[in-house]
Amino acid sequence: MPNRRTFIYFLLPFFCTPIFAQIKGVVTDSITNEPILYASVYYAGTEIGTSSGLDGSFTVSYHPEHKALTISAVGYVTEVIPITAQMARTLNIRLKPNDTMLSEVVVRPRRERYSRRNNPAVDFMRNVIAHKQHFELEENDYYRYDKYQKMKTSLNDMTREKLKRGAYKNIPFLEQYLEPSPRQDDTTFILPISIQETASEVLYRKRPESKKTVITGMLSNGIDELMSTGDMLGTILDDVFKTVNIHNNSIDLMHSRFVSPIADEAISFYHFFLMDTIYVDTDLCVHLTFVPANSQDFGFTGHLYVVNDSSYAVKRCTMNLPRRTGVNYVNRLSLAQEFEQLPNGKWVVTDDDMSVELYLAKQLQGVLVERTTKYSNYSFEPFESPAFRAKGETIKQTDILIKSDEFWAQARQVPLTKTESRMDLFINQLTQIPGFRMVVFWLKALIENHIETGTPPDKPSKFDFGPINTAITSNAVDGLRLRVSGKTTAKLNPNWFLNGYGAYGFRDKKWKYEGELTYAFHKQEFFPWEFPRNYLSFTHRYDVMSPMDKFLTTDKDNVFVALKATSDDQMSYIRESVLKYEVENNAGVGFEVSAKLRNDTPAGKLQYLRNDADETLVPDI
């Protein structure tokens, strides 16, 4: 018995120590209850501390010799919280806004006087900007690294009460797929509906200059697999949420251009404030905050953590989009980047996280898009790669969609959540709901403007009906016009494509038609006009047109184009044959050669008259 008691006493410290080894908490705004991003949490008079994350949460080690914890953030009154070993491990800290300071999100009406002259924050930032070119990867003759990106789309601000009413009340299993909101709100959740993962390798050579991204694996699960052909949602998200490089002068996001906090002109665009020095990991950093000089300019509010040595390297950067910027449909946007120094002394980015809350209207369900990007395995040694001889900046390996679980276990640098790993089960349960497939079918047709004859991905469509917005229209000559259109896809033949329509006008009682045969010189994934284009096509048609229809960038039978405020009764019957060749290179530079034979017969109130004394009527041209 004494030996057993001695053994228990020996183990007791190991079980008890974690209870008091760390203090966790969440920092929020006392008025709005919103999380305060990257507030400083530290023991006064020491260099021990941390900062709150994107959700306002923090974890700091417990030191019994210190009796209080200091929490500060720009625009808020600093709080000093007494710390004891007996207190609750999770703190809920509510900071009060200080109206005499500049807030992270908005510039308050009562402004403090700001001067760039003799301002230590401005002098420090001048050094940061002057040294930034040393951290550009393109300064090296070669580099390569691995990149993993996860794009996650979720329904935002979900509550258990919301699931009991409206369209959600008949889907009881949704509750088991809810995840805690990133804002650490105990009452709201998110419902993941889509996840796309991409593993790639980035290669660079300075002489001759070439940069390639080799996609080694792609994995997509969720609602977009039911709604789109190919990687439509992923392509849209990648275009809107582009990769951010704070060392560039401008940052392109949401189809808008923002000024980087370390841009060449950042000193005149932003107001900078020195906060304190704090350890970020093992590096002692100078903590600065910044806000746009004009709150309505396209800039960010945020924090910079710069290593406190002669390198002036950025260790961490967090940015938020001010609400007054006015980017359409964006309620919140947060960015966080982490950098580290490699053993060879070079500084590189390792983490790039983005969170965007989107709302089309207050009455509609909000959407949260989270992008997580990890960079690893940097190398700057000279190398040769066949990718440099390939066309295009992005190269997809042939087996990217059929990678094994072992591949993803190695490539995936961020573990999937429980809901993300069960996305297949979630979609399968959705498809079992009566009528759900029909809703998806018509919603998909509305989004894509075509009706597929297959069921991707198991049975890809070889023929698509559409555009469906041209099925029923009207004009002065046709009257009511019904049209059936369709086209083949690369799943039928990757080089040969057919496209055409047949239409009937109930007023003139005539059939109209168009047929197009296209040969693509490279095997295509879906359609012949994919980048880079290189195809030969022959088109023949007989139809009724307005003289201005040839300038339209969309189909002339688009139902929205057919709606006109005034009568358009000057039209003509067109019989036309066109032979066209189009080619472009990987830089997007191309040319088109075509030959056209056309007969034009006036219709409606349109007349062709000779320019002579008798104004002789011309039957056709």
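Biologist: What makes Ile472, Leu480, Leu482 and Phe506 a nonpolar patch on the surface?

Modeller: Together they have about 370 Å² of accessible area, by the Shrake-Rupley method with a 1.4 Å probe and only the protein chains shown as cover. Patch residues have over 30% relative accessible area and no salt bridge; like charges are joined within 9 Å, nonpolar side chains (Val, Leu, Ile, Met, Phe, Trp, Tyr) within 5 Å. This is a predicted model: local features need pLDDT of at least 70 and side-chain atom pairs 80 or more, while totals for chains, interfaces and linings use all residues. Residues are numbered from 1 along each chain as its sequence is written, and side-chain values use heavy atoms, leaving out hydrogens and water.

Biologist: Why is Leu482 called partly exposed?

Modeller: Buried means under 20% relative accessible area, exposed over 50%, and partly exposed in between (1.4 Å probe, protein chains only). Leu482 has 36%, so partly exposed is the right label.

Biologist: How do you know that Asp252 and Arg257 meet in a salt bridge?

Modeller: The rule asks for a side-chain nitrogen of Lys or Arg within 4 Å of a carboxyl oxygen of Asp or Glu. Their N to O distance is 3.0 Å, and the pair counts as a salt bridge. Arg257 is exposed because its relative accessible area is 57%, whereas Asp252, at 30%, is partly exposed.

Biologist: And what makes Arg533 and Glu582 a salt bridge?

Modeller: Their closest N and O atoms are 3.5 Å apart, which fits the rule. Glu582 is at 15% relative accessibility, so this residue counts as buried; Arg533, at 28%, counts as partly exposed.
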